[in-house]
Amino acid sequence: MILKSLQSRVRIAAHKKNIIPTMSQPPCCPKGSWGSPLDTPTTKSEINGYVTIGDQNDLELYVAKPKNVEPSVEKAILVFPDVYGFSHRLFAICDKLAADLHCYVVVMDNFRGETMDDHQNDFFEWTGRHPYIPREGTVETKIHPVQKDVEACLDYLSTELGIVGPSNIASIGFCWGVWAMTKACATGVPFRCAVGFHPSLRFEEMFGGNILEMAKMAAKNVPLFYCVSGNDAEYLKPPNGDVSVALSSSEHGDSGDEKARPRCVEFPEMVHGWVSRGDTSVSNVKDYAEKALSLASDFLRHWM
């Protein structure tokens with residue numbers, strides 16, 4: 001009864017802002033964030049599907065293709081998911097991006113079929129087994145370095161889909177995936193550009209790094225665009241957040257096209273997770289999710 005009463009109060013308070021955050025949320029996300037993705041139906045695509053790659057043949061990919069392969073497809077987007085891995089909502093986002101931008105969109109299942117819901121009691125130990133680069137002395141069979149996943153995907157995009165070189169590949173991240181994506185940019189993966197939705201960059205500190213230093217290096221190497229929520233960290237928020245400043249002050253921002261300018265855009269009425277996990281039956285959640293994806297598409301279209 002106490003839990004039901006608490007859930008009721010949370011929903012009543014959230015309805016006043018037209019948002020309905022769920023009770024269960026990842027420990028990496030700020031308080032009040034959306035939890036597990038809703039079980040939304042999806043139409044099975046006849047052209048999109050799954051492949052498995054990697055040294056151990058254990059990295060599953062979801063591959064979304066443009067509906068028309070004429071003219072030939074020469075670009076791709078590599079997607080870093082959140083800690084819920086594959087979901088119908090994520091697939092729908094990728095299907096639309098593939099159609100709208102005429103490119104392949106490939107999602108990695110970095111967590112090998114597991115999700116945050118499987119690790120509520122050992123969340124940080126579990127995510128700790130997915131560093132970007134393994135620490136010295138670690139037994140590699142027990143961990144899944146993100147860097148190796150990225151290398152395997154770039155090889156797949158080149159050998160199987162004909163996308164030659166990371167300079168023809170953009171990237172997108174959600175939550176945990178924004179950290180992984182930003183880390184890839186900072187360590188030298190030359191993506192054409194990169195987009196992050198509701199970033200959870202605190203993993204950089206968990207692995208012993210510095211968030212601002214990582215963001216500065218990533219922004220120097222790659223044009224970055226982040227969509228951040230009202231309850232995301234202050235350092236992400238424009239105009240004065242340290243990470244926001246790092247993105248907007250990069251040398252990539254001189255094109256004169258506002259849509260292409262590297263920057264953070266805040267959606268103050270939204271809570272963390274709204275793009276990929278928010279309840280889109282709530283009108284303003286749907287509207288702002290579509291707005292974020294539209295801004296991201298404009299940014300990607302310019303740089304790709």
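User: Under what relative accessible area is a residue buried?

Analyst: Buried means under 20% relative accessible area. This is a predicted model. In it, D82 is buried, with a relative accessible area of 5%. The cut-off asked for is 20%.

User: Which residue forms a salt bridge with D82, and how far apart are the closest N and O atoms?

Analyst: D82 sits in the loop between β3 (76–80) and α2 (88–101), and its partner lies in helix α9 (residues 274–277), 195 residues apart. That partner is buried too, with a relative accessible area of 1%. The salt bridge joins D82 to R277, with the closest N and O atoms at 3.0 Å.

User: Which residues are linked with R112 in a network of salt bridges?

Analyst: R112 forms a salt bridge with D58, the closest N and O atoms being 3.4 Å apart. R112 also forms one with D149, at 2.9 Å. The residues linked with R112 in the network are D58 and D149.

User: How many residues apart in sequence are the parts that D149 and R112 tie together?

Analyst: D149 is in helix α4 (residues 146–159). R112 is in the loop between β4 and α3. The pair therefore ties together parts whose separation in sequence is 37 residues.

User: Is D149 buried or exposed?

Analyst: The cut-off for buried is under 20% relative accessible area. D149 has a relative accessible area of 3%. R112, at 23%, counts as partly exposed. D149 is therefore buried.

User: How many residues of strand β7 are buried?

Analyst: Strand β7 covers residues 224–229 and is mostly covered. On one side, L224, Y226 and V228 are buried. On the other, F225, C227 and S229 are buried. The count for β7 is six of six.

User: In which sense does β7 pair with β6 and with strand β8?

Analyst: Strand β6 (residues 194–197) pairs with β7 over four bridges, and A194 has L224 as its bridge partner. Strand β8 (residues 263–267) pairs with β7 over five bridges, and S229 has F267 as its bridge partner. For β6 and for β8, the sense is parallel.

User: What distance does helix α10 reach from its first C-alpha to its last?

Analyst: Helix α10 (residues 283–303) has 21 residues. At 1.5 Å a residue, 30 Å is expected. Its buried residues include L293, F299 and W303. The helix comes close to the expected span, reaching 31 Å.

User: What percentage of the 304 residues in the protein is buried?

Analyst: The protein has ten helices and eight strands. Its accessible surface comes to about 14100 Å². Buried residues make up 51%.

Note on methods. Residues are numbered from 1 along each chain as its sequence is written. This is a predicted model: local features need pLDDT of at least 70, side-chain atom pairs count only at pLDDT 80 or more; totals for chains, interfaces and linings use all residues. Side-chain values use heavy atoms; hydrogens and water are left out. Helices (H or I, at least four residues) and strands (E, at least two) are DSSP runs, numbered from the N terminus. Buried means under 20% relative accessible area, exposed over 50%, partly exposed in between (1.4 Å probe, protein chains only). Accessible areas come from the Shrake-Rupley method with a 1.4 Å probe; for residues, only the protein chains shown count as cover. The expected span of a helix is 1.5 Å times one less than its number of residues. Two strands pair if DSSP finds at least two bridges between them. A salt bridge is a side-chain nitrogen of Lys or Arg within 4 Å of a carboxyl oxygen of Asp or Glu.
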